[in-house]
Amino acid sequence: MESTTLAPSTQLPPDDVAAIDELGQTYRAFREELGKVIIGQEQVIEQLAISLFARGHALLMGVPGLAKTLLISSVARTFHLSFNRIQFTPDLMPADITGTDIIQESGVGGRREFEFVKGPVFANIVLADEINRAPAKTQSAMLEAMQENKVTVLGQTYTLQPPFFVLATQNPIEQEGTYPLPEAQLDRFMFLIEVGYPTAEEEKRIARETTGTQQADLNRLLDGEKVIAFQQLVRRVPVPDHLYEYAVRLVRKTRPDQPESPNWIKECVGWGAGPRAVQYLILGAKSRAALRGAYMASLEDLEAVASPVLTHRVITNFAAESQGMTSKKIVERLLKDMRNEG
């Protein structure tokens with residue numbers, strides 16, 4: 001493996017070093033604030049923070065009752081940012097998300113004019129709750145917003161103010177009345193974050209600490225301007241050349257039609273990850289490094305974000321399902337193979 005030494009021109013300037021120290025302190029305060037209302041789920045909180053400061057959207061997957069919605073609303077409460085929640089249902093229409101034109105009297109000679117009324121997508125943090133409960137036409141209303149930070153309604157384009165962050169939840173077990181997210185929409189999410197059950201000790205704490213009368217007050221840590229400054233800082237974190245090569249090799253191995261992909265991938269993967277996965281691996285590694293107070297992304301950072309970046313981008317086939325090979329297991333095996341290659 002190549003040396004991780006960077007050229008002097010790629011070293012962080014002193015101002016950025018100080019800013020990363022500040023970001024690390026802010027991140028520790030962020031975890032402490034969320035710890036007042038969320039018990040456990042340290043990895044979920046870290047992955048959410050990585051997405052936020054890498055300017056990416058996140059999809060949280062987990063069974064009901066694991067505090068996914070509470071976690072997202074609590075994240076919004078720790079920032080001076082606007083927050084809207086959209087409950088996705090089978091009868092939800094695109095205009096219910098983006099907004100629509102309504103006829104208003106202008107007050108001048110009784111004339112009537114169209115006036116655009118903004119929908120709930122016009123917020124800094126948007127919670128798309130149970131996103132897979134709405135049909136594809138409604139889900140697609142989120143696509144332009146997530147990719148372009150704007151929405152188009154009746155030919156008029158409206159810009160969404162940064163920072164803009166979509167956090168969606170999805171229930172993996174209730175298949176009746178759900179509409180699977182298209183691959184193109186899944187690809188818009190930087191991370192698929194799996195929310196698991198708490199440990200026995202954490203569950204006991206949940207029972208003790210959440211059934212009383214007192215509710216925790218969360219301190220607001222950052223405003224939108226500071227969030228944007230930290231997002232720009234994350235993009236300036238240096239990455240050694242061998243990490244770019246590693247990210248490209250890893251993603252290309254997920255594609256069954258590539259000569260470098262192993263035979264077992266060709267047998268159990270129908271479709272591999274696209275170029276956006278490489279971008280998010282690098283951005284995720286940069287963000288994780290900065291949050292942990294490091295001044296350069298490392299292989300450990302990249303490996304840590306590989307599963308949430310790749311799991312929803314690797315589409316298994318029937319052969320994989322018959323062998324019990326999930327997308328997550330495939331990514332884990334690929335990482336193990338890459339380590340063994342040296």
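The charged end of arginine 333 sits over the ring of tryptophan 264, at 4.0 Å from the ring's centre. That is one detail of a predicted model, and there is plenty more to explore. Below you will find an open sheet of 5 strands, a nonpolar core of 76 residues and 4 aromatic pairs.

**The sheet**

- The strands of the open sheet run in the order β3-β6-β9-β1-β10, and their pairing is parallel.
- At the edges stand β3 (83-87) and β10 (189-194); each has a single partner strand, so one side of each has no neighbour in the sheet.
- On average, neighbouring strands are turned by 20° against each other, with direction ignored.
- Look next at β1 (residues 57-61) and β9 (residues 165-170), which pair in the parallel sense over 4 bridges.
- Methionine 61 has glutamine 170 in β9 as its bridge partner.
- Helix α2 (residues 42-53) packs on this sheet and touches β1, β9 and β10. The direction of helix α2 makes about 175° with that of β10.

**The nonpolar cores**

- In soluble globular proteins, nonpolar side chains tend to be buried together.
- Here the largest nonpolar core has 76 residues, and those touching the most other members are Phe53, Leu60, Leu71, Phe79, Leu250, Leu281 and Leu302.
- Helix α12 (residues 275-291) is the element that gives the most to this core, contributing 9 residues.
- To get a feel for the surroundings of leucine 302, set aside its neighbours within four places in sequence: its contacts are then Leu243, Tyr246, Ala247, Leu250, Leu281, Ile282 and Ala285.
- A second core, separate from this one, has 28 residues, including Leu59, Leu92, Phe116 and Met142.

**The aromatic rings**

- Searching the whole structure gives 4 aromatic pairs.
- Phenylalanine 53 and phenylalanine 230 make an edge-to-face pair, with 6.0 Å from centre to centre and 80° between the planes.
- Phenylalanine 53 belongs to helix α2 and phenylalanine 230 to helix α9 (residues 224-235), so their pair ties together parts 177 residues apart in sequence. Both phenylalanine 53 and phenylalanine 230 are buried.
- Phenylalanine 116 and tyrosine 158 form a stacked pair, because their ring centres are 3.9 Å apart and their planes are at 10°.
- This pair also links distant parts of the chain: phenylalanine 116 is in strand β5 (residues 112-118) and tyrosine 158 in strand β8 (residues 156-159), 42 residues apart.
- Phenylalanine 116 has a relative accessible area of 16%, so this residue counts as buried.
- Phe116 and Tyr158 join Phe122 in one aromatic cluster.

Methods
Residues numbered from 1 in each chain as written. Predicted model: local features only at pLDDT ≥ 70, side-chain atom pairs only at ≥ 80, totals over all residues. Heavy atoms only, no water. Core = buried A, V, L, I, M, F, W, Y, C linked by side-chain atoms within 4.5 Å. Buried < 20%, exposed > 50% of the residue type's maximum accessible area, 1.4 Å probe, protein only. Helix = DSSP H or I, 4+ residues; strand = E, 2+ residues; numbered from the N terminus. Contact = heavy atoms within 4.5 Å. Pairing = 2+ DSSP bridges. Axes fitted to C-alpha atoms, helices over the stretch in contact; angles between N-to-C directions. Phe/Tyr/Trp six-rings, centres within 6.5 Å; stacked < 30°, edge-to-face > 60°. Lys NZ or Arg CZ within 6 Å of the ring centre and 35° of its normal.
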